[in-house]
Amino acid sequence: MKFPAWHARPENFDPETHRPGVLDGQSFLRVADQFISLANQRNKKVEATELQMVMLFAAARYAAHVGKNVLEVTDHEEFVQHMAAQYTDMLRGHMADPSV
């Protein structure tokens with residue numbers, strides 16, 4: 001099964017090609033910022049290193065749900081490798097970002 005890369009999306013909203021429920025690049029970042037805002041709020045009482053693991057656990061749990069129940073993948077390892085590669089790509093990009 002071919003899985004899309006996380007960045008394989010139009011950068012801006014285009015009413016001609018928009019599909020309901022699919023995020024363009026700007027909307028994708030706005031939704032991600034909502035999760036980051038929640039983490040920053042929780043960071044007032046919980047250490048950042050703990051929150052980091054909580055977010056990873058939640059992302060893995062939700063990805064497993066999507067893989068098993070939405071996409072109905074039969075090759076779990078292929079999906080795990082794809083998701084790990086997506087995370088690696090995102091993390092490398094953020095580590096190289098001087099604004100982080």
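Me: How do I check whether the span of helix α1 agrees with its number of residues?

Reply: Start with the terms: helices are DSSP runs of H or I with at least four residues, strands are runs of E with at least two, and both are numbered from the N terminus. The expected span of a helix is 1.5 Å times one less than its number of residues. Helix α1 covers residues 25-42, so its 18 residues should span 26 Å, and its end C-alpha atoms are indeed 26 Å apart. A word on the source: this is a predicted model, in which local features need pLDDT of at least 70 and side-chain atom pairs count only at pLDDT 80 or more, while totals for chains, interfaces and linings use all residues. Residues are numbered from 1 along each chain as its sequence is written, and side-chain values use heavy atoms, with hydrogens and water left out.

Me: What span should α2 have, and how far apart are its end C-alpha atoms?

Reply: The 23 residues of α2 should span 33 Å; the end C-alpha atoms are 31 Å apart, which agrees.

Me: How many helices and strands does the protein have?

Reply: There are three helices and zero strands, running α-α-α from the N terminus on. The C-alpha atoms fill a box of roughly 40 × 35 × 25 Å, taken along the principal axes.

Me: Which residues of α1 are buried, and what do they pack against?

Reply: Buried means under 20% relative accessible area, exposed means over 50%, and partly exposed lies in between (1.4 Å probe, protein chains only). In α1 the buried residues are Gly 25, Ser 27 and Ala 39, and they pack against α2 (48-70). A general idea helps when you look at a helix: it has 3.6 residues a turn, so residues three or four places apart point the same way. In α2, the residues Leu 51, Ala 63 and Gly 67 are buried; the buried residues of α2 pack against α1 and α3. Over the 100 residues of the protein, 12% count as buried.

Me: What does a side chain do at the start of α1?

Reply: Look for a polar contact, a pair of N or O atoms within 3.5 Å; within protein, one must be able to donate a hydrogen and the other to accept it, and residues adjacent in sequence count only if both atoms are side-chain atoms. Here a side-chain oxygen of Asp 24 reaches to within 3.0 Å of the backbone nitrogen of Gln 26.

Me: Is His 82 buried or exposed?

Reply: His 82, in helix α3 (residues 76-95), is buried, because its relative accessible area is 14%. Contact means heavy atoms within 4.5 Å. Leaving aside neighbours within four places in sequence, His 82 is in contact with Phe 3, Pro 4 and Ala 5.

Me: And which residues does Met 1 contact?

Reply: Met 1 is found in the segment before α1 and is exposed, with a relative accessible area of 56%. With neighbours within four places in sequence again left out, Met 1 is in contact with Leu 71, Val 73 and Glu 78. In the protein, residues 24 or more positions apart account for 38% of the contacts with a separation of 6 or more.

Me: What is the phi of Glu 72?

Reply: Most residues other than glycine have a negative phi. Glu 72 has a positive phi of about 55° although it is not a glycine. This residue is found in the loop between α2 and α3, and at 58% relative accessibility Glu 72 counts as exposed.
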